[in-house]
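Biologist: Please take a close look at one part of this model for a first-year student. I would like the spaces in the protein described, with some of the surrounding backbone for context.

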Amino acid sequence: MTPQTLAASALALLCATPVLAADRTAVLVTYTNIAEAKYQDSLTAARALKVAINALVSKPSPASLAAARDAWIAARVPYQQTEVFRFGNPIVDDWEGRVNAWPLDEGLIDYVDASYAGPSDENLYAALNVIATPQFELSGVQVDANTITPALLSETLHGADGVDANVAAGYHAIEFLLWGQDLNGTGPGAGNRPWTDYAQGTDCTNGNCDRRAAYLQAATDLLVYDLEWMAAQWAQGGAARASVLADEAAGLIAIVTGMGSLSYGEQAGERMRLGLLLNDPEEEHDCFSDNTHNSHYYDGLGIQNVYLGRYQRLDGETITGPSLSDLVAEADPGLDAKLRAKLDTTMVALEAIRTAARNGMAYDQMLARGNAEGEALIMAGVEGLIDQTRSIQRLVPALGLDEINFEGSESLDNPGAVFQ
């Protein structure tokens, strides 16, 4: 289903007179409360990651590296559930690339395997290796990187030379520094960076262990800073909360836009169908750590818990209140029941991917050409997401909202173009 088809379906349904619920503002308050809780949880988990990374740097060992990796995986759980806030809220979408940009040319940051492509016309800095290069020229300007700081990462390196793949900060830069490259293709195994990459003196492997540690700590400090900022935007008096609550119709459009765009173009298309079409493990979201099965699951869960107005926090507290589902149930009970069922179906499919990964078939292995079982698992998730998007689009006329165009993806709308 293309965005044009979805839009046409919405227009065909606009003739129906929606039943309007009594208190839409209460639904928006629940939405903003959930956003605040999710970003606060993301911040809490990032601070725990910082503690683990400081311990790794202070006393490098197999155990401290494993603990840092575990903390990174734990930090992804609340953050991935925030992605549903992206597309309907410009303040989030404009910021998101600072913390979750991918894919990245990891050679910008650190050493890479000899098989890794070097500089190209598309990216002159794809193999810059800042960790091994204290001074370099960037876009005609001499850069002093003797001291690696959060400002160096965010103001100089991130998006350097206007290239999106120059990702110097955020979750995936940290992921690369903890796991290293995954050189297994669609075979078993994740990245396997040795703990000695952070050892000091003669135990150091691959050189520049002190600068690698400094980069890792700077990237983590920057992640915490960025999440502090976003959590504040959703707190009482924050700009994101105020924007949603300023206009009932616009606030509801933000919710539906986030649900539909993440469900269709972003997750079903760019994050799942595209990688399967190309049979390319470089298209998996958490490619260094083989954590993609969890990322997909928590993206889907984020869509569901926004619709239902319910989120369980890291400490076990449940944030709940009047929901979009309540509004839709008043306007069109059948549509509400259908969307609830479709969201459940999608979550079953995404959980099946997680189960398969936990049982030994990592997501990049599912992408392998000829892996019929893996393809079926991924496509069940893709089809569930597309199907739920059809019902999400029907929320527009049911709630009397203006037309919404969701994000698309060539992998869904024009698959042949993917190979051109």
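Modeller: Pro-103 is a convenient place to begin, in the loop between helix H4 (90-100) and strand E1 (135-138). The model is a predicted one. In it, the peptide bond that runs from Trp-102 to Pro-103 is cis, and its omega is near -10°. A second backbone detail is found at Asp-161, where phi is positive, about 60°, although the residue is not a glycine. Asp-161 belongs to the loop between helix H5 (150-157) and helix H6 (171-179).

Now the spaces. The largest pocket holds about 300 Å³ of space. Its lining is made up of 19 residues, and those nearest the centre of the pocket are Glu-106, Asp-182, Pro-281, Glu-282 and Cys-287. Sorted by class, the lining of this pocket has eight nonpolar, five polar and six charged residues.

Cavities are a separate matter. How many of 30 Å³ or more does a search of the whole structure find? The search finds one. The volume of the largest cavity is about 50 Å³. Around it lie Val-27, Thr-30, Tyr-31, Ile-34, Ile-255, Val-306, Gly-309, Pro-322, Ser-323 and Leu-324. Helix H2 (residues 24-58) gives the largest share of this lining, with four residues. By class, the lining of the largest cavity has seven nonpolar and three polar residues, and no charged ones.

For context, here is a pair of helices from elsewhere in the chain. Two packed helices are described by the angle between their axes and by the distance between those axes. For helix H12 (residues 333-358) and helix H14 (residues 372-398), the axes come within 9 Å and cross at roughly 160°. An angle over 145 degrees counts as roughly antiparallel, and H12 and H14 are therefore roughly antiparallel to each other. The crossing in which H12 passes H14 is left-handed. The contact of H12 with H14 involves 15 nonpolar, five polar and four charged residues.

Last comes the record. An unreviewed UniProt entry lists residues 36-391 as "domain: Imelysin-like". Over residues 36-391 the chain is 59% helix and 4% strand. The C-alpha atoms at the two ends of that stretch are 27 Å apart.

How values were computed. Residues are numbered from 1 along each chain as its sequence is written. This is a predicted model: local features need pLDDT of at least 70, side-chain atom pairs count only at pLDDT 80 or more; totals for chains, interfaces and linings use all residues. Side-chain values use heavy atoms; hydrogens and water are left out. UniProt positions are given in the numbering used here, feature names are shortened, and annotations may be inferred rather than shown by experiment. Axes are lines fitted to C-alpha atoms, for helices over the stretch in contact, and angles run from 0 to 180 degrees between N-to-C directions. Angles under 35 degrees count as roughly parallel, over 145 as roughly antiparallel, 65 to 115 as roughly perpendicular and the rest as oblique. A crossing is left-handed if the near helix is turned anticlockwise from the far one by less than a right angle, and right-handed if clockwise. Ala, Val, Leu, Ile, Met, Phe, Trp, Tyr, Cys and Pro count as nonpolar, Asp, Glu, Lys and Arg as charged, and the others, Gly among them, as polar. On a 1 Å grid over the protein atoms alone, a cavity is a set of points where a 1.4 Å probe fits but cannot get out, and a pocket is an open set with protein on both sides within 12 Å along at least five of seven lines; lining residues have an atom within 4 Å of a point. Grid points are joined across faces, edges and corners, and a volume is the space filled by probe spheres set on the points.
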